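I am opening these notes to record what I looked up in the structure, entry by entry. I start with how enclosure is judged and then move from single residues to helices and to the DNA.

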2 protein chains.
Amino acid sequence: MSALNDRSLEYVAKYFKALAEPMRLKVLNALRNGEKNVGQLTEISGCTQANVSKHLSLLSQYDLVKRESRGNCVFYSIADPSIYELCELVCGQIAKRMIAEDDIKKMFIEADKLQTQNLQLIEKKLKTG
Amino acid sequence: MSALNDRSLEYVAKYFKALAEPMRLKVLNALRNGEKNVGQLTEISGCTQANVSKHLSLLSQYDLVKRESRGNCVFYSIADPSIYELCELVCGQIAKRMIAEDDIKKMFIEADKLQTQNLQLIEKKLKTG
DNA sequence: GCAATATATAACTATATAGTTATATAGTCA
DNA sequence: TGACTATATAACTATATAGTTATATATTGC
């Protein structure tokens with residue numbers, strides 16, 4: 001990253017930007033346990049199918065996800081697991097600050113139990129069909 | 001990053017967003033060799049002083065840079081060098097793709113010689129006063 | 001072919017923010 | 001004190017994009 005020119009910086013910035021949206025992180029997070037199709041991701045994300053498709057299209061464009069059309073469905077999966085390294089680095093840095101900032105600490109650790117339960121319910125539902 | 005709730009995802013996303021602007025990356029890149037004051041960063045960045053200040057303020061807010069007011073000037077430096085790990089991870093991923101995409105490859109490797117020379121000139125000028 | 005389902009895209013709105021110019025604030029030195 | 005320099009902020013414009021609804025495009029099974 002020494003002496004990158006402006007075009008390169010723009011490129012790197014765009015890459016970060018792809019990861020700079022909560023909904024896209026949610027989608028990537030949902031793909032941790034393996035591939036899912038658009039309908040499943042729509043259900044998990046809680047927004048419209050059109051929106052999920054748009055985000056997937058962008059993630060695809062940056063090779064963050066792999067697209068595989070199978071039968072009537074399109075399955076997406078993580079293209080390069082090293083994006084999780086990125087996320088963990090970021091989480092680590094945020095964690096450092098959490099020590100000082102108690103409200104954020106709570107935000108992370110008490111992790112909205114309702115939401116977790118809902119997610120588990122959806123996952124379960126998706127597995128059992 | 002397993003089962004992060006929505007608020008946490010938003011927080012992580014915002015962190016990425018802080019790194020998702022070319023001008024901010026340029027500033028961070030300029031701080032690789034050590035602290036610089038706002039005037040110096042303004043000269044390197046090539047945009048207005050007001051804009052640099054705004055970006056520095058945001059970077060400060062996310063603890064990406066350290067602020068130290070000394071005399072008439074304010075010096076900024078990298079708060080946590082692990083952000084460069086982030087950038088290198090991203091550059092690494094982009095590099096993987098470069099193999100296939102020749103134009104991007106050129107973009108990175110032929111790194112605008114003029115710009116590099118200009119940067120060196122500015123750096124030199126800053127050092128000699 | 002036709003109905004049904006799954007995904008992608010078009011068109012639009014609302015919002016966030018990068019950049020600007022002008023101005024305020026703060027420190028230095030005479 | 002007042003002139004000068006350095007940084008931050010306010011107010012504004014232009015642009016990008018997340019989200020929506022409605023529609024188009026595949027694919028499957030009858």
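I begin with the cut-off I need: a residue counts as buried if 20 or more other C-beta atoms lie within 10 Å of its own, as exposed if 12 or fewer do, and as partly exposed in between. I also note that what I am reading is a predicted model.

**Entry on A:Leu89**

I looked up A:Leu89, which sits in helix α5 of chain A, residues 82-98. Is A:Leu89 buried, exposed or partly exposed? I find 16 other C-beta atoms within 10 Å of A:Leu89, so this residue is partly exposed. Leaving out residues up to four places away in sequence, I see that A:Leu89 touches B:Ser82, B:Glu85 and B:Leu86.

**Entry on B:Ile83**

I then turned to chain B, where B:Ile83 is placed in helix α5, residues 82-98. B:Ile83 has 24 other C-beta atoms within 10 Å and is therefore buried, the cut-off for that being 20 or more. Which residues is B:Ile83 in contact with, once its neighbours within four places in sequence are left aside? I noted B:Leu28, B:Leu64 and B:Ile78 as the contacts of B:Ile83. I also checked B:Ile83 against B:Lys26, and the two are 57 residues apart in sequence and 13 Å apart in space, C-alpha to C-alpha.

**Entry on chain A as a whole**

I wanted the layout of chain A before going further, and its secondary structure comes to seven helices and three strands. Read from the N terminus on, the elements of chain A run α-α-β-α-α-β-β-α-α-α. Of the 129 residues of chain A, I find that 27% count as buried. Among the contacts in chain A with a separation of 6 or more, 47% are between residues 24 or more positions apart.

**Entry on helix α2 and its crossing with α4**

I looked at helix α2 of chain A, residues 22-30, and counted how far it is enclosed. Seven of the nine residues of α2(A) are buried, so this helix is largely enclosed by the rest of the structure. The buried residues of α2(A) are A:Arg24, A:Leu25, A:Lys26, A:Val27, A:Leu28, A:Asn29 and A:Ala30.

How do α2(A) and α4(A) lie to each other? Their axes come within 10 Å and cross at roughly 80 degrees, and the two helices are therefore roughly perpendicular to each other. On the α2(A) side I noted A:Met23, A:Arg24 and A:Val27 in the contact, and on the α4(A) side A:Val52, A:His55, A:Leu56 and A:Leu59. By class, the residues of this contact of α2(A) with α4(A) are five nonpolar, one polar and one charged.

I repeated the look-up in chain B, where the axes of α2(B), residues 22-30, and α4(B) come within 10 Å and cross at roughly 80 degrees. That crossing makes α2(B) roughly perpendicular to α4(B). The contact is made by B:Met23, B:Arg24 and B:Val27 of α2(B) with B:Val52, B:His55, B:Leu56 and B:Leu59 of α4(B), and I sorted these residues into five nonpolar, one polar and one charged.

**Entry on helix α3 of chain A**

In α3(A), residues 38-45, I find A:Gln40, A:Leu41 and A:Ile44 buried. Why do they line one face of the helix? Seen down the axis of α3(A), the buried residues fall within an arc of 95 degrees, so they share one face. I recall here that an α-helix has 3.6 residues a turn, so residues three or four places apart point the same way. After α3(A) comes A:Gly46, whose phi is positive, near 80 degrees.

**Entry on the DNA strands**

Around DNA strand C I find 21 residues, the closest being A:Gly39, A:Ala50, A:Cys73, B:Ala50 and B:Gly71. The elements that give two or more residues to this surface are α3, α4 and β3 of chain A together with α4 of chain B. Among them, α4(A) gives the most, with six residues. I classed the surface near DNA strand C as nine nonpolar, 10 polar and two charged residues.

DNA strand D is surrounded by 21 residues, with A:Ala50, B:Asn37, B:Gly39, B:Ala50 and B:Cys73 the closest. At least two residues each come from α4 of chain A and from α3, α4 and β3 of chain B, and the largest share, six residues, comes from α4(B). For the surface near DNA strand D I noted nine nonpolar, 10 polar and two charged residues.

Conventions: Residues are numbered from 1 along each chain as its sequence is written. Chains are lettered from A and ligands numbered from 1 in the order in which they are written. This is a predicted model: local features need pLDDT of at least 70, side-chain atom pairs count only at pLDDT 80 or more; totals for chains, interfaces and linings use all residues. Helices (H or I, at least four residues) and strands (E, at least two) are DSSP runs, numbered from the N terminus. The arc is that of the directions from the helix axis to the C-beta atoms. A residue is near a molecule or strand if its C-beta atom, placed from the backbone, lies within 6 Å of it. Ala, Val, Leu, Ile, Met, Phe, Trp, Tyr, Cys and Pro count as nonpolar, Asp, Glu, Lys and Arg as charged, and the others, Gly among them, as polar. Axes are lines fitted to C-alpha atoms, for helices over the stretch in contact, and angles run from 0 to 180 degrees between N-to-C directions. Angles under 35 degrees count as roughly parallel, over 145 as roughly antiparallel, 65 to 115 as roughly perpendicular and the rest as oblique. Two residues are in contact if their C-beta atoms, placed from the backbone, lie within 7 Å.
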